[in-house]
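Trainee: I would like to go through this model one question at a time. Please give the reasoning before each answer.

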Amino acid sequence: MIKAIIFDFDGTIIDTETAWYAAFKEAYREYGVDLTLEMYSQCIGTSLHQFNPYEYLMTDLKLPIDREEFRKSVQQRHSLLMEKEEIRPGVVRYLNEAKAAGLKIGLASSSVRAWVEKYLERLKLKPYFECIRTADDVRRVKPDPELYVQATAALGVQPNEAVAIEDSPNGAKAAEAAGLHCLYIPNTITASLPFEPRGGRLSSLLDLELKDLIVNPIGR
């Protein structure tokens, strides 16, 4: 029986990922560079160690760009795009039903805590989560399983008693490596990425009742 549900944040609760890609792609275009999804996908749902979109133009292409001004420009673009974004369909329903059913509710994100909590507070979702684990809490972020290992331990459940809700291949890999069931709901950007994990895939949380997920976890 499932006792906990653990959400990813970026791209899962609200689609920050599509806005980031659009902001970076527009910024790159100003310098005559096409930022492909294949290139950008290296940093989706994980750290910027493998591909840092803030640094690539300067470090790899050696373009004479002011790093700080470039960063500010991208972040301003992202903020404008995010003004149009809403909580993804079915998320609030799942949170309310999980709370009513007595399930433990957690969050595991590869982003830093300040970023995650800023949006959770703005969206009025923070009170739902009994446990929040972010990049500030671990040595390695997704696809490493450490975030999910910590989250399940903090919630007091075994990994196989929890379902992770994810949107990216890196997040799904992390959840399954930690031993959780996994349900992934790709967004506009991650929908075209290859998902190798065994978990179930939906277009929206509205497509599956929480009570059905609890009784028969996807992918197990």
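Trainee: Where does Ser168 lie?

Mentor: This is a predicted model. Strand 4 covers 162-166 and helix 8 covers 169-177. Ser168 falls in the loop between strand 4 and helix 8.

Trainee: Is Ser168 buried or exposed?

Mentor: The cut-off for buried is under 20% relative accessible area. Ser168 has 1% relative accessibility, so Ser168 counts as buried.

Trainee: Which backbone nitrogen does the side chain of Ser168 reach?

Mentor: A polar contact needs N or O atoms within 3.5 Å. The side chain of Ser168 comes to 3.1 Å from its partner, the backbone nitrogen of Gly171.

Trainee: Which residues does Ser168 touch, not counting those up to four places away in sequence?

Mentor: Contact here means heavy atoms within 4.5 Å. With residues up to four places away in sequence left out, Ser168 touches Ile44, Gly45, Thr190 and Phe195.

Trainee: How are the residues lining the second largest pocket divided?

Mentor: This pocket holds about 250 Å³ of space. Its lining has 13 residues, and those nearest the centre are Ser41, Gln42, Pro169, Asn170 and Lys173. By class, the lining divides into five nonpolar, six polar and two charged.

Trainee: Which helices each supply at least two residues of the lining of the largest pocket?

Mentor: The largest pocket has about 690 Å³ of space. Its lining counts 32 residues, with Asp10, Trp20, Leu48, Ser111 and Trp115 nearest the centre. The helices that each supply at least two lining residues are helix 1 (16-29), helix 4 (67-82) and helix 6 (113-122).

How values were computed. Residues are numbered from 1 along each chain as its sequence is written. This is a predicted model: local features need pLDDT of at least 70, side-chain atom pairs count only at pLDDT 80 or more; totals for chains, interfaces and linings use all residues. Side-chain values use heavy atoms; hydrogens and water are left out. On a 1 Å grid over the protein atoms alone, a cavity is a set of points where a 1.4 Å probe fits but cannot get out, and a pocket is an open set with protein on both sides within 12 Å along at least five of seven lines; lining residues have an atom within 4 Å of a point. Grid points are joined across faces, edges and corners, and a volume is the space filled by probe spheres set on the points. Helices (H or I, at least four residues) and strands (E, at least two) are DSSP runs, numbered from the N terminus. Ala, Val, Leu, Ile, Met, Phe, Trp, Tyr, Cys and Pro count as nonpolar, Asp, Glu, Lys and Arg as charged, and the others, Gly among them, as polar. Buried means under 20% relative accessible area, exposed over 50%, partly exposed in between (1.4 Å probe, protein chains only). A polar contact is a pair of N or O atoms within 3.5 Å; within protein, one must be able to donate a hydrogen and the other to accept it, and residues adjacent in sequence count only if both atoms are side-chain atoms.
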